[in-house]
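Got your viewer open? Here's a short tour, stop by stop, with something to select at each one.

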Amino acid sequence: RDYLTSPLYGAGIDSSQLDTISIGDLTSFSNQIPPNQTNSDGSTSTQARYIINGVLSTGETVKNNLGKITQSCGSWLTYDFSQGKWKVVLNRPLQGYEKDACTVFDDDSIIGEISVNATNLEDLYNSIEVEFPNREIRDQNDYYRASIDPSYRNDLEPDNTLTLRYDLINNSIHAQRLGLMDLEQSRIDKTIQFKNGIELIWGAIFF
């Protein structure tokens with residue numbers, strides 16, 4: 001919120017143009033402590049889900065910096081045409097009140113064709129390498145690596161590693177959480193596209 005509204009180093013967006021409810025949801029979700037967190041040394045942790053730590057460059061565009069911030073807390077920024085406001089979308093299952101607020105698309109609102117495409121076999125990722133500055137080694141670059149269970153791979157699926165860097169994450173638990181989520185969600189089986197007269201709608205079906 002600070003970076004979105006700051007006219008000095010941020011986007012300079014007026015508070016009236018922000019969906020403050022979605023930003024509050026992000027704050028609450030980030031501050032939760034997930035169970036069964038395990039450190040690299042085998043000990044347990046009571047770390048909050050998302051805590052960003054790092055340096056933003058004013059030489060970068062505001063858009064790129066906002067992307068780094070939201071990426072580091074499992075979310076993305078979008079413009080909600082129905083409200084006329086900027087909002088944060090959390091990468092998690094929808095809550096009840098969020099489902100009630102969803103837009104329903106039907107024959108009266110969909111324009112043109114509906115496109116359904118499958119992900120190519122060579123485009124599926126089956127391993128992850130996450131680079132991040134680790135606070136335990138004086139913010140030097142560290143890596144988290146993992147692979148999916150071989151039983152989940154398709155026949156003749158080639159090795160394909162998803163490479164990511166999180167500039168605003170400085171601990172392995174946080175990097176592991178986001179890396180595994182990105183890896184699992186990269187294995188989308190089908191995507192759907194259609195137009196509703198305002199914007200192009202993109203959705204994903206997971207199997």
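Start at Arg 187 and show its side chain: it reaches the backbone oxygen of Tyr 152 at 3.2 Å. Keep in mind as you look around that this is a predicted model. Now add Tyr 125 to the selection, and you'll find its backbone oxygen 2.8 Å from a polar atom of the Arg 187 side chain. For bearings along the chain, Arg 187 sits in the loop between helix H5 (172-186) and strand E7 (190-195).

Is Arg 187 buried or exposed? Its relative accessible area is 16%, under the 20% cut-off, so Arg 187 counts as buried. To see what surrounds it, select Leu 124, Tyr 125, Asn 126, Ile 148, Tyr 152, Arg 153, Asn 154 and Glu 157; Arg 187 touches each of these, leaving aside residues up to four places away in sequence.

**Next stop: Thr 161**

Keep Tyr 125 displayed, since Thr 161 touches it too, along with Ser 127, Ile 128 and Glu 129, again not counting residues up to four places away in sequence. Thr 161 is part of strand E6 (residues 161-165). Zoom in on Ser 127: its side chain and that of Thr 161 make a polar contact at 2.7 Å. Colour by accessibility and Thr 161 comes out partly exposed, because its relative accessibility of 41% falls between the 20% and 50% cut-offs. If you like distance labels, draw one between the C-alpha atoms of Thr 161 and Ser 147: it should read 8.5 Å, for two residues 14 apart along the chain.

**Over to helix H3**

Select residues 62-71, which is H3, and pick out its buried residues: Asn 65, Leu 66, Ile 69 and Thr 70. They cover an arc of only 130 degrees around the axis, so they share the same side of H3. What do these buried residues pack against? Show H1 and strand E1 (75-80), and you have both partners.

While E1 is on screen, click Ser 75, which lies in that strand. With a relative accessible area of 7%, Ser 75 is buried. Its contacts include Thr 70, one of the buried residues of H3. The others to select are Leu 26, Val 88, Val 89, Leu 90 and Asn 91, with residues up to four places away in sequence left out of the list.

**Into the second largest pocket**

Leave Leu 26 and Ile 69 selected and add Arg 1, Ile 52 and Cys 73: of the 23 residues lining the second largest pocket, these five are the closest to its centre. The pocket holds about 510 Å³ of space. Which helices each supply at least two residues of the lining? They are H1 (2-5), H2 (20-31) and H3 (62-71). H2 gives the most, with five residues. Colour the lining by residue type and you get 15 nonpolar, six polar and two charged.

**Zoom out**

Finally, switch to cartoon for the whole chain: five helices and eight strands. Trace them from the N terminus and the order is α-α-α-β-β-α-β-β-β-β-α-β-β. The C-alpha trace spans about 55 × 55 × 35 Å along its principal axes. Of the 207 residues, 33% are buried. If you bring up a contact map, look at the contacts with a separation of 6 or more: 58% of them join residues 24 or more positions apart.

Methods. Residues numbered from 1 in each chain as written. Predicted model: local features only at pLDDT ≥ 70, side-chain atom pairs only at ≥ 80, totals over all residues. Heavy atoms only, no water. 1 Å grid on protein atoms, 1.4 Å probe; cavity = no way out; pocket = protein on both sides within 12 Å on 5 of 7 lines; lining within 4 Å. Points joined across faces, edges and corners; volume = space filled by probe spheres on them. Helix = DSSP H or I, 4+ residues; strand = E, 2+ residues; numbered from the N terminus. Nonpolar A, V, L, I, M, F, W, Y, C, P; charged D, E, K, R; others polar. Buried < 20%, exposed > 50% of the residue type's maximum accessible area, 1.4 Å probe, protein only. Polar contact = N/O pair within 3.5 Å; in protein donor to acceptor, adjacent residues only side chain to side chain. Contact = heavy atoms within 4.5 Å. Arc of directions from axis to C-beta.
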